[in-house]
Amino acid sequence: MAEMLDFEKPIVELEKKIDDLRQLAKQENIEVADELKKLEKKAAKLRRDVFSRLSRWQRVQLARHPLRPYALDYVGRLADEFIELHGDRLFSDDEALIAGLARFGDRRVMLLGHQKGRDTKEKLRRNFGMAHPEGYRKALRMMRMAERFGLPVVTLVDTPGAFPGIEAEERGQSVAIADNLTAMAALRVPIVSVIIGEGGSGGALAIAVADRVLMMENAIYSVISPEGCAAILWADRAKAQDAAEALRVTAPDLMELGIVDEVIPEPLGGAHRDPGEAARAVGEAIDRRLDELSRVPCDRLMEERMAKFLGMGVFKDHSGVPHG
Amino acid sequence: MAWFSKKNRGVRAEKKKNLTDGLWVRCEFCEEILYRKELERSLWTCGACGFHFRIRSGDYVKILIDEGTFEEIDAALEPEDPLRFRDSKKYVDRLKAYQKKTGMKEAILCGTGDIDGRRVTLAALEFSFGGGSLGSVMGEKIVRAIRRSLGTGAPFLIVCSSGGARMQEGILSLMQMAKTSVMIARLHEAKIPFLSILTHPTTGGVSASFAFQGDVILAEPKALIGFAGPRVIQQTIGQELPEGFQRSEFLLDHGMVDKIVSRRDLKATVSSILSFFPGPHPTLSGDDAPGDARER
Ligand SMILES: [Zn+2]
């Protein structure tokens, strides 16, 4: 298995050993219950030891895990119906950012999400989840439609960042992101965002100015990638681990800093070890938050969204004027 | 256009510094050697290629605002170190160095003043303070300046010059993009004019938020303007960047800015544009215009 992180290796290997032993016992009809019990106990302890004290860098790796569920995996497990809608009506359809009408039971929403690819071909087609301006403009079109028809907006954030390329600049990457920020600030329907993997800077924020911002336990959200930060401040990309520590990019960090409203627990070892359980937890949180927001009158919703973001920032004020 | 390839050969900071200290200054764009006195007279614009040298936030006050009408606002805000950030240096030490170098508390100067007798609220970023990076204080000062405009109806002007986010404030820095955007959304709703002036350079988080949210967006000639820095793009795509890429003229060609304006014509242009839009509330205009009622 190539798709395994270093710190996952001893666990995955032990789990394989347990599986093999079980198979063998079945085939040869031998008694291994005691041995199995011992190994299971050992595996459980190992899992606890490794996953209950993850470093920030280990969480960065989990957030980028090649087996981690992506936006469409959650949609597939949670939505009773999903009609993907395409295109920004201006230039093209950006497959790094998906959009569509989604029904969860009785709940109908406009769903937006960054989408990474699973195999090489899909990775390229999805541009590794890095949207061009047309992706953000598609998102904006869908949000406007949602507002027109009173549909709440749910966004699943999972991107290394907005794509840094020649064409992205030619077509106004900055303008596209900036437009989404002001539009979301004033969008008159509830917005719930879930950081499911990587919350990479402006490219993440462009669909995350929300009434409730939730974050999965092993997701990250950062102003710059640890590698990018290390390259600039340490003049050495290899210092990414130090940068991840200094930037405080994990869900517990962001909870402590008052940036996210809730940390959604993941199965032990990360969402990829039990995607069904991860999806269930995400679905439950979205449902509960939408329910909560549906009871807030629109004008108050606008005031509260504004107050939420105006309160963000830490500084010294010698003038006596209240914050925000 | 030869300037781009020439620029890539680069003028080393050391050399530039020595030159700047003396009578002569080398243009970082076309490498022409220019007479310092002449540059000062032309508001630091290159006589050979038209490149606009970087100037201080306070210089834009002198260029744009009627003499004797500028009043600084929210000068009392100072940065903190919420993450206790440390790379090769401590953030608090970097801040001290920036403050000493610039004589400013943060990378932004805000105030009220008149442009040809018309009251405006002005914010100008200071690149020499940590690359004009966007941190909590800049976010808050922009919010307060906009709140003042919402109270008085005075148009809001911002002069941008920034390399992007204040990395040492981590996620709080990113959130300043959202924070300023919610206020600018209010400014748009209240139909108060917002002019953004992009100067060399305007990139990253500043570019992807308030810099490009103006009703009218002006740019100084040959300024580097973009979301990602040219080096990052080059590393990502692994190919040479086209000539003139991410310069003001390139953005004008691609429909991203309204107009390129020389510094020497900046005040007149801004003044003319503002004359088409609503000004401050009539009862509040003139010298006795109060600040935002909510702040009193
Ligand atoms: Zn020149």
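**Group meeting: a walk through the two-chain model**

B:L174 is a good place to start: its relative accessible area is 0%, so this leucine counts as buried. Before I go on, please keep in mind that this is a predicted model.

So where does B:L174 sit? You'll find B:L174 in helix α7 of chain B, which covers residues 170-189. Now look at what surrounds this leucine. Leaving out neighbours up to four places away in sequence, B:L174 is in contact with A:S201, A:G202, A:L205, A:Y221, A:S222 and A:V223. Within chain B, take B:L134 as well: 40 residues separate B:L134 from B:L174 in sequence, yet their C-alpha atoms are 8.2 Å apart in space.

Let me step back to chain B in general. Chain B has 11 helices and 11 strands. Of its 296 residues, 60% are buried. And if you take the contacts in chain B with a separation of 6 or more, 69% of them are between residues 24 or more positions apart.

Next, the metal site. Which residues hold the zinc ion? Four cysteines do, each through its SG atom: B:C27, B:C30, B:C46 and B:C49, at 2.2 to 2.4 Å. Along the chain, these donors follow the spacing C-x2-C-x15-C-x2-C. One pair here links distant parts of the chain: B:C30 is in the loop between β1 (24-26) and β2 (33-35), while B:C46 is in the loop between α3 (36-41) and α4 (57-64), 16 residues apart.

What about the geometry? The 4 donor atoms subtend angles of 106 to 111° around the zinc ion, and therefore the arrangement is tetrahedral. For reference, the ideal angle for four tetrahedral donors is 109.5 degrees.

Are those two linking cysteines buried or exposed? The cut-off for buried is under 20% relative accessible area. B:C30 has 16% relative accessibility, so B:C30 counts as buried. B:C46 is buried too, because its relative accessible area is 3%.

Staying in chain B, let's look at a helix pair. The axes of α4(B) and α11(B), the latter being residues 266-274, come within 8 Å and cross at roughly 65°. On the α4(B) side the contact is made by B:Y60, B:I63 and B:L64, and on the α11(B) side by B:L266, B:K267 and B:V270. Sorted by class, that contact has 5 nonpolar residues, 1 charged residue and no polar ones.

Over to chain A, and its own helix α4, residues 71-78. The buried residues of this helix are A:A71, A:Y74 and A:V75. Seen down the axis of α4(A), these buried residues fall within an arc of 100°, so they line one face of the helix. The face turned away from that buried side carries the exposed residues A:G76 and A:R77.

In the loop between α3 (56-63) and α4 of chain A lies A:P69. With 5% relative accessibility, A:P69 counts as buried. Not counting residues up to four places away in sequence, A:P69 touches A:Y74, A:R118, A:I196, A:A271, A:H272 and A:P275. You met A:Y74 a moment ago among the buried residues of α4(A). A:P69 is also 9.5 Å from A:K116, C-alpha to C-alpha, with their positions 47 residues apart in sequence.

My last stop is A:D253, in helix α12 of chain A, residues 251-256. This aspartate has a relative accessible area of 5%, so A:D253 is buried. Which residues does A:D253 touch? Setting aside residues up to four places away in sequence, A:D253 touches A:R56 and A:R248.

Thanks, everyone!

Key:
Residues are numbered from 1 along each chain as its sequence is written. Chains are lettered from A and ligands numbered from 1 in the order in which they are written. This is a predicted model: local features need pLDDT of at least 70, side-chain atom pairs count only at pLDDT 80 or more; totals for chains, interfaces and linings use all residues. Side-chain values use heavy atoms; hydrogens and water are left out. Donors are N, O and S atoms within 2.8 Å of the metal (3.2 Å for Na, K and Ca); water is not among the atoms, so sites may look incomplete. Four donors count as tetrahedral if all angles lie between 85 and 135 degrees; four count as square planar and six as octahedral if opposite donors are over 155 degrees apart and all others between 65 and 115; anything else is irregular. Helices (H or I, at least four residues) and strands (E, at least two) are DSSP runs, numbered from the N terminus. Buried means under 20% relative accessible area, exposed over 50%, partly exposed in between (1.4 Å probe, protein chains only). The arc is that of the directions from the helix axis to the C-beta atoms. Axes are lines fitted to C-alpha atoms, for helices over the stretch in contact, and angles run from 0 to 180 degrees between N-to-C directions. Contact means heavy atoms within 4.5 Å. Ala, Val, Leu, Ile, Met, Phe, Trp, Tyr, Cys and Pro count as nonpolar, Asp, Glu, Lys and Arg as charged, and the others, Gly among them, as polar.
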